[in-house]
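Me: I am new to this structure and should be grateful for a close look at one part of it. Please take the surroundings of the ligand, and then follow the chain outward into the elements that frame them.

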Amino acid sequence: MSPTEYMAPTTPSRQWKHKDLLSIRTLEPWEIDLIHDTASAFKEINSRAIKKVPALRGKTVVNLFVEPSTRTRASFELAANRLSADVISLESSSSSFKKGETLKDTGLNLQALNADFMVMRHSCAGAAQFLAERLRTGIINAGDGAHEHPSQALLDTFTIRERLGRDLKGLKIAICGDIMFSRVARSNIWALLKLGADVTLVGPSTLVPPVFKKLGVNISHKLEDILPEAHVIMLLRIQHERQRQALFPSLGEYVSLFGLTAARFRKCRPDVVIMHPGPINRGVEIDSELADGVNSVILEQVTNGMAVRMAILYLLSGGQPLHVAPGAPLAPHITSPAS
Ligand code: CP
């Protein structure tokens, strides 16, 4: 392989320097780009016959999910496996949380087992930061209450970049649904604004209160108004588990005003990108045919999630930025098949 096919970093200031990944709010735009570029390099590995490389050999990753998850947990677990880390997954229902052990003590015990990283989902906002401030182990926030879900926003912005083949500057992006209780919305708002997109939040006023304007986004309570211009429509599930009171009259009324139906889809740009972090409620926030249609990137989001999470683990472990020419092979010490 010639040295021009891949390059080690040349600018130390552009190297990842955080122990943890807790939020998008605290990232610089170049750090988001760095994760995206690294994910592009790792995505190729996931299409190989042997999907395993030695980049994290000897490292230990613990998945600690105190809330349910399908996509995030599976893709962090697969990402760590594909990088040759040792991985274990703990659930609250079968851990000593059930016996009253505190989050701090759980973290200290996992650190005593030499865990290099903990990927944590928790129902309390700030839980990941709480542990990050008390442990040497790197903490990756896989969703904390309604606060942030940084890896979701990173995979969402990666998917937009990939589908449209361009950066996000000036793109009109609508996030529709339960913004109030959504950590995905908060992380995406930060990521999209940092990358230069024009963001509009759409939904009933009880779920999209005016206070969000302070972040620099637009607000609309009428989905029809934003459809003709939106390059991307990101739909969100109603977070029933976090709502303590009825915030709209009925699900039927919500669908009639904010569901992405076939009739509303006809008002959209022909190339509109339809996104959803999952799990989707077919027939509520999105019609089933649209979820499965050619404008939908819902499953691409899931596929990209693994490459993005490989990039996160790799960079947090001290991996050097990968600057790879399109189509060129990667550095062999990072990405040759693990033996
Ligand atoms: N998008 C997302 O976080 O999905 P899971 O809850 O299944 O992880």
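Reply: The account below begins at the ligand and then moves through the two sheets and the loops between their elements. The model is a predicted one.

The shell around the ligand consists of Ser 69, Thr 70, Arg 71, Thr 72, Arg 73, Gly 143, His 149, Gln 152, Pro 277, Gly 278 and Pro 279. Sorted by class, these residues comprise seven polar, two charged and two nonpolar ones. Helix α2, which spans residues 71-82, supplies three residues, the largest share of the shell. Two domains take part: domain 1 (3-149 + 304-335) and domain 2 (151-300) each contribute at least three residues.

One shell residue deserves attention for its backbone. Pro 279, which lies beside the ligand, is located in the loop between β10 and α10. The peptide bond that leads from Gly 278 into Pro 279 is cis, and its omega is near -5°. Both partners of this bond, Gly 278 and Pro 279, belong to the shell around the ligand.

The loop between β10 and α10 also holds Asp 287, and α10 itself covers residues 288-291. Is Asp 287 buried, exposed or partly exposed? Asp 287 has 19 C-beta neighbours inside 10 Å and therefore counts as partly exposed, since 20 or more would be required for a buried residue. Along the chain, Asp 287 and Ala 262 are 25 residues apart, yet their C-alpha atoms are separated by 7.0 Å.

From helix α2 the description passes to the strands on either side of it. Strand β2, helix α2 and strand β3 form a right-handed β-α-β unit. The two strands of this unit, β2 and β3, run parallel and are joined by six bridges. Within this pairing, Thr 60 has Asp 86 in β3 as its bridge partner. Of the six residues of β2, five are buried, and the strand is thus mostly covered. Between α2 and β3 the chain passes through a loop that contains Ser 84. Although Ser 84 is not a glycine, its phi is positive, at about 70°. Ser 84 is partly exposed because 18 other C-beta atoms lie within 10 Å.

Strand β2 also has a partner in β4. Strand β2 (residues 60-65) runs parallel to β4, and five bridges join the two. In this pairing Leu 64 stands opposite Met 120 in β4. Before β4, the loop that follows α3 (103-112) contains Asn 114. Asn 114, likewise not a glycine, has a positive phi of about 65°. Asn 114 has 10 C-beta neighbours inside 10 Å and so counts as exposed.

Strand β4 (residues 117-122) is in turn joined to β5 by five bridges, and the two run parallel. Here Met 118 stands opposite Ile 139 in β5. A right-handed β-α-β unit is made by β4, helix α4 (residues 127-132) and β5. Strand β5, residues 138-144, is mostly covered, with seven of its seven residues buried. Gly 143 is one of the residues that surround the ligand.

These pairings may now be assembled into one sheet. Four strands make up an open sheet with parallel pairing, in the order β3-β2-β4-β5. At its edges stand β3 (86-91) and β5; each has a single partner strand, so one side of each has no neighbour in the sheet. From one strand to the next, the twist averages 15°.

There is also an open sheet of five strands, again with parallel pairing, in the order β8-β7-β6-β9-β10. Its edges are formed by β8 (218-220) and β10 (273-275), and because each of them has a single partner strand, one side of each is left without a neighbour in the sheet. The twist here averages 20° from one strand to the next. Within this sheet, strand β6 (residues 172-176) pairs with strand β9 (residues 232-235) in the parallel sense over four bridges. Ile 173 has Val 232 in β9 as its bridge partner.

The edge strand β10 leads back to the starting point, for the loop between β10 and α10 contains Pro 279, which is among the residues around the ligand.

Conventions: Residues are numbered from 1 along each chain as its sequence is written. This is a predicted model: local features need pLDDT of at least 70, side-chain atom pairs count only at pLDDT 80 or more; totals for chains, interfaces and linings use all residues. A residue is near a molecule or strand if its C-beta atom, placed from the backbone, lies within 6 Å of it. Ala, Val, Leu, Ile, Met, Phe, Trp, Tyr, Cys and Pro count as nonpolar, Asp, Glu, Lys and Arg as charged, and the others, Gly among them, as polar. Domain bounds come from an automatic or database domain assignment. A residue is buried if 20 or more other C-beta atoms lie within 10 Å of its own, exposed if 12 or fewer, and partly exposed in between; C-beta atoms are placed from the backbone. Two strands pair if DSSP finds at least two bridges between them. A crossover is right-handed if, with the strands pointing away from the viewer, the path from the first strand over the helix to the second runs clockwise. Axes are lines fitted to C-alpha atoms, for helices over the stretch in contact, and angles run from 0 to 180 degrees between N-to-C directions.
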